[in-house]
Amino acid sequence: MSIFPVLNTSGSGLRTFRIWMDAIADNIANINTVRPFDEEAFQARFIVAQAVRSDHQNPPGVGGGSRAAAVLFGDPQGRVRYEPGHPYANEQGLVRYPDMDLGDQMTQLLMAQRAYQLNLAVIDRARDSYLQAIQINGR
Amino acid sequence: MAIPGIGQLVGAPGAVPLARPKQLEAGGEPKGDFGNIVVNALQGLEAVQDRADGLAVKAATGDLTDVHDYTIAATEAALATEFTVAVRNRAVEAFNEVMRMQI
């Protein structure tokens, strides 16, 4: 509850995209995490964003931003590769790599970064607008 | 010479009388007087500033998880301060205007 609701709405967006960037950072950090064949591979993290309902805004249909509601996990099978020299390799020389694509992760990182910047831009504009409203007929 | 009181303005079609505060209509002292409004606004401002202060401490001690939490709270506090000061300035202006009135 605030007289400057845009700030909190955009703040929730910032948090959502920060969490998304965290998840992408985790994915990229584990892009080369190798697991033995009989264990699960590293699973890519997916953030599920959800719209937040808000009951104090005017008009009431306008929501209160977004939130990261859940984290979903990718394929635990991963990508099976033939690397007989690897210490984790089984008798057939197979190991598991995570089922992730670096290009895809970088694209997602770009999207998350741009979305974060957009929310920052909204906060900036809102602040300017509120300030101008306060200064109506002022000095 | 008797000066007649100012009567109600009639004959202005579409003119709606100004709404009177309910407390005034009920009679007695108005509860929501300007002083109370200002005190409430200042308390709200204090809460906003306390929030920003708490987050600043968190930022200094490394407990802050989201950078924007602090910056947004600080922006909100600055805006609320600006707003309260603006309201106060307008009120003082209006008071001075009334005081300058020639009777």
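At 1.5 Å a residue, the 33 residues of H2(A) should span 48 Å, and the C-alpha atoms at the ends of this helix are indeed 48 Å apart, in agreement with that expectation; the expected span of a helix is taken as 1.5 Å times one less than its number of residues. The structure is a predicted model, in which local features need pLDDT of at least 70 and side-chain atom pairs count only at pLDDT 80 or more, while totals for chains, interfaces and linings use all residues. Residues are numbered from 1 along each chain as its sequence is written, and chains are lettered from A and ligands numbered from 1 in the order in which they are written. Helices (H or I, at least four residues) and strands (E, at least two) are DSSP runs, numbered from the N terminus.

Chain A contains 2 helices and 5 strands, arranged along the sequence in the pattern α-β-β-β-β-β-α. The radius of gyration of chain A is 22 Å, whereas a compact globule of 139 residues would have a value near 14 Å; this radius is taken over C-alpha atoms, and the globule rule is 2.2 Å times the number of residues to the power 0.38. Along the principal axes, the C-alpha atoms of chain A fill a box of roughly 80 × 30 × 15 Å. Of the 139 residues in chain A, 19% are buried. A residue is classed as buried if 20 or more other C-beta atoms lie within 10 Å of its own, as exposed if 12 or fewer do, and as partly exposed in between, with C-beta atoms placed from the backbone. Among contacts in chain A between residues at least 6 apart in sequence, 65% join residues at least 24 apart, two residues being in contact if their C-beta atoms, placed from the backbone, lie within 7 Å.

The buried residues of H2(A) are A:Ala112, A:Asn119, A:Ile123 and A:Tyr130. These buried residues pack against H1 of chain A together with H3 of chain B. A:Asn119, which lies in helix H2 of chain A, is buried because 23 other C-beta atoms lie within 10 Å. Leaving aside residues up to four places away in sequence, A:Asn119 touches A:Ser10, A:Gly13, A:Leu14 and A:Phe17. The C-alpha atoms of A:Asn119 and A:Thr9 are separated by 9.0 Å, although these residues are 110 residues apart along the chain. A contrasting environment is found at A:Gln92, in the loop between strand E4 (79–82) and strand E5 (94–97) of chain A. A:Gln92 is exposed, since it has 9 other C-beta atoms within 10 Å. Between A:Gln92 and A:Asp75, the C-alpha to C-alpha distance is 22 Å and the separation in sequence is 17 residues.

Chain B has 3 helices and 0 strands, giving the pattern α-α-α along the sequence. Buried residues account for 11% of its 103 residues. Helix H2 (residues 34–61) of chain B has 28 residues, which at 1.5 Å a residue should span 40 Å; the C-alpha atoms at its ends are 40 Å apart, which agrees. Within H2(B), the buried residues are B:Val48, B:Ala52 and B:Leu55, and they pack against helix H3 (67–99) of chain B. B:Gly62, just after H2(B), takes a positive phi of about 85°.

Between the two chains, 13 residues of chain A are in contact with 10 residues of chain B. On the side of chain A that touches chain B, the elements giving two or more residues are helix H1 (5–29) and helix H2 (102–134) of chain A. This side has 7 nonpolar, 3 polar and 3 charged residues, where Ala, Val, Leu, Ile, Met, Phe, Trp, Tyr, Cys and Pro count as nonpolar, Asp, Glu, Lys and Arg as charged, and the others, Gly among them, as polar.

The axes of H2(A) and H3(B) come within 10 Å and cross at roughly 10°, so H2(A) is roughly parallel to H3(B). Such axes are lines fitted to C-alpha atoms, for helices over the stretch in contact, with angles running from 0 to 180 degrees between N-to-C directions. Angles under 35 degrees count as roughly parallel, over 145 as roughly antiparallel, 65 to 115 as roughly perpendicular and the rest as oblique. In this contact, A:Ile123, A:Arg127, A:Tyr130, A:Leu131 and A:Ile134 of H2(A) meet B:Ile72, B:Thr75, B:Leu79, B:Glu82, B:Phe83 and B:Ala86 of H3(B). The residues of the contact of H2(A) with H3(B) comprise 8 nonpolar, 1 polar and 2 charged.

The axes of H1(A) and H3(B) also come within 10 Å, crossing at roughly 170°, and H1(A) is therefore roughly antiparallel to H3(B). Here A:Leu7, A:Gly11 and A:Leu14 of H1(A) meet B:His68, B:Asp69, B:Ile72, B:Thr75 and B:Glu76 of H3(B). By class, the contact of H1(A) with H3(B) has 3 nonpolar, 3 polar and 2 charged residues.
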